[in-house]
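Grab a pencil and work through these exercises with the model open beside you. Try each task before reading its solution.

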Amino acid sequence: MDLMTAREAAELWGISQRRVAIFCAEERIEGVQLKGNMWLIPQDAQKPVDARSVRFQPKTPAAAKPFLKWAGGKAQILDNIRMKYPVGLGKTVTKYAEPFVGGGAVLFDILSNYNISEVYIGDINRELMLTYQTVRDDVDSLISSLQSLEEEYLSADETKRKELYYQNRNKFNELKLEQSEAIELTALFIFLNRTCFNGLYRVNAKGGFNVPQGSYKNPSICDAENLLAVSKVLQGVKIVCGDYKMSASFIDENTFAYFDPPYRPLSASSSFTSYAKDGFGDKEQIELAQFIDKLSESGAFVVASNSDPKNAKRQLL
Ligand SMILES: C[S@@+](CC[C@H](N)C(=O)[O-])C[C@H]1O[C@@H](n2cnc3c(N)ncnc32)[C@H](O)[C@@H]1O
């Protein structure tokens, strides 16, 4: 079979080379082959109908979706991030790392739709990472704990719900303070996430979770079906609690790494960077940019999100 490169196909079909690469990655050209990092296309292949206006749907519907609400979560802009996935993802790019995982919108898209052999997720938030571990390793006990919390909360009237919310928040903070690893702590973490104001996770100077109750009429506290699906895709995933720099030894030239740090505030008054008690200021942003540059230079496929405050100078880096 005679083959042509993506550049030749782009010329033949009058579209960009990048567009051809996207068609190849989406498996929309029959007989296409990936050699190293280069697409080879049968010379007699037909140009796929350009579906720019029709959003690409992955073949298998996503089985597992984020089980937490998370500030800065990327579910709303997943389509834009998908456009930045490396073309060989799931083929030559066999590893995935997400060192600021939060609620994991990109993680679950990748776990549900690509064949990845090694996955690393990390976050500085201890209780968050403990929750991922519990979902991976002991989902049945977690579901039963969460179902009790849900039943108690949903069957209560407004006054009683308020009382329960603050009781559960206190219990969570006690367990957090003693660095407990109990299932109860994880169940309370999910309970608070589903019932607090806007699903925020904010802590005071002593590390105590201090978000007030939200005003949801019928919050979904235990989505057992999704938790089971999440547990399934998390099997074998390396879950690390700590600074993003710990991912350096995992990320290599076969890895796609997505970095989604706390954003640099657009203005002095708009900052929400306090996911943990140690903030993420300009010094940390500069170090992160240097870290990412190094990884890219060493051959890793890196995508990073951040704000565009217009007042950051590249030469600072
Ligand atoms: C913008 S959020 C990530 C949102 C995520 N992409 C999602 O879809 O939900 C940033 C995350 O970085 C974490 N974080 C803050 N400082 C960190 C650090 N030094 N190392 C690793 N994670 C950190 C926060 O706990 C928070 O979960």
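**Exercise 1: two loop residues**

Asn 198 sits in the loop between H8 and helix H9 (224-234); helices (H or I, at least four residues) and strands (E, at least two) are DSSP runs, numbered from the N terminus. A word on ground rules: residues are numbered from 1 along each chain as its sequence is written. The model is predicted, so local features need pLDDT of at least 70, side-chain atom pairs count only at pLDDT 80 or more, and totals for chains, interfaces and linings use all residues.

Task: work out whether Asn 198 is buried or exposed, and find what sign the phi of Gln 179 has.

Step 1. A residue is buried if 20 or more other C-beta atoms (placed from the backbone) lie within 10 Å of its own, exposed if 12 or fewer, and partly exposed in between. Asn 198 has 9 other C-beta atoms within 10 Å, so exposed is the call.

Step 2. Now the backbone. Most residues other than glycine have a negative phi. Asn 198, not a glycine, has a positive phi near 55 degrees.

Step 3. Over to the loop between helix H7 (158-177) and H8, where you'll find Gln 179. Its phi is positive too, about 55 degrees, and Gln 179 isn't a glycine. Gln 179 counts as exposed because it has 10 C-beta neighbours inside 10 Å.

**Exercise 2: helix H10**

Task: check the span of H10 (residues 282-297), then say which strands its buried residues pack against.

Step 1. The expected span is 1.5 Å times one less than the number of residues. For the 16 residues of H10 that gives 22 Å, and the end C-alpha atoms are 23 Å apart, which agrees.

Step 2. Pick out the buried residues: Gln 285, Leu 288 and Leu 295. They cover an arc of only 85 degrees around the axis (taken from the directions from the helix axis to the C-beta atoms), so they share the same side of H10.

Step 3. Flip to the other side of H10, and Asp 282, Lys 283, Gln 290, Asp 293 and Glu 297 are exposed.

Step 4. The buried residues pack against strand S7 (255-259) and strand S8 (301-304). After H10 comes Gly 299, with a positive phi near 105 degrees.

**Exercise 3: the core**

Task: which residues touch the most other members of the largest nonpolar core?

Step 1. A nonpolar core is a set of buried Ala, Val, Leu, Ile, Met, Phe, Trp, Tyr and Cys residues joined through C-beta atoms within 7 Å. The largest has 52 residues, and Leu 146, Phe 191 and Ala 257 touch the most other members.

Step 2. Helix H8 (residues 183-195) gives the most to this core: 7 residues.

How values were computed: Contact = placed C-beta atoms within 7 Å.
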